Amino acid sequence: MKDLLGACLLGAVLGAMLAYGVPSNAQTIPMTNAQGYNVGTVQINGNTAQFVNPMGVTTQVATLYPGQVIIQTPSGVTTAIIGNT
């Protein structure tokens, strides 16, 4: 369930990145759930976004390419490819 929540939150941030353009500077965006509790941050740098849990551990990494998003574990195992392969 935590991974699903993380994937949904990361997906929302990635969607915003695609809609408004990938920022050129590094950004850290705090994430909260519907009850207002901290569920981590998304760190965005160039075309890469990392979901970091409240303990400071990176749980997912997403790389954005034109027409494609690749989501991986921190060790590099691909868990999802969204868009054209």
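1. A definition first, to help with what follows: two strands count as a pair if DSSP finds at least two bridges between them. Please also keep in mind that this is a predicted model.

2. A good place to start is the sheet as a whole. Six strands make up an open sheet, in the order β1-β2-β3-β4-β5-β6, and their pairing is antiparallel. The edges are taken by β1 and β6 (78–83); each has a single partner strand, so one side of each has no neighbour in the sheet. From one strand to the next, the twist averages 20°. As general background, strands of a sheet pair through backbone hydrogen bonds, either parallel or antiparallel.

3. Now look at the β1 end. Strand β1 (residues 27–32) and strand β2 (residues 38–45) run antiparallel and are joined by 6 bridges. Two positions help you to find your way here: Met31 stands opposite Gly40 in β2, and Thr32 faces Asn38 of that strand. The hairpin of β1 and β2 has 5 residues between the strands, and in this hairpin Gly36 adopts a positive phi near 90°.

4. Next, turn to the β6 end. Here 5 bridges link strand β5 (residues 68–72) with β6, and these two strands are antiparallel. Gln72 has Thr78, in β6, as its bridge partner. The hairpin of β5 and β6 also places 5 residues between its strands, and Gly76 has a positive phi near 100° there.

5. Which residues make up the largest nonpolar core? There are 6 in all: Met31, Val39, Val42, Ile44, Ala49 and Phe51. Both β2 and β3 (48–52) supply at least two residues of this core, and β2 gives the largest share, with 3 residues. In soluble globular proteins, nonpolar side chains tend to be buried together.

6. Finally, one residue on an edge strand deserves a look. Ala80 lies in strand β6. Is Ala80 buried or exposed? Neither word quite fits: its relative accessible area is 25%, so Ala80 is partly exposed, because buried means under 20% and exposed means over 50%. Leaving aside residues up to four places away in sequence, Ala80 touches Val69, Ile70 and Ile71. With Ile70, the separation is 10 residues in sequence and 5.9 Å in space, C-alpha to C-alpha.

Definitions and conventions
Residues are numbered from 1 along each chain as its sequence is written. This is a predicted model: local features need pLDDT of at least 70, side-chain atom pairs count only at pLDDT 80 or more; totals for chains, interfaces and linings use all residues. Side-chain values use heavy atoms; hydrogens and water are left out. Helices (H or I, at least four residues) and strands (E, at least two) are DSSP runs, numbered from the N terminus. Axes are lines fitted to C-alpha atoms, for helices over the stretch in contact, and angles run from 0 to 180 degrees between N-to-C directions. A nonpolar core is a set of buried Ala, Val, Leu, Ile, Met, Phe, Trp, Tyr and Cys residues joined through side-chain atoms within 4.5 Å. Buried means under 20% relative accessible area, exposed over 50%, partly exposed in between (1.4 Å probe, protein chains only). Contact means heavy atoms within 4.5 Å.
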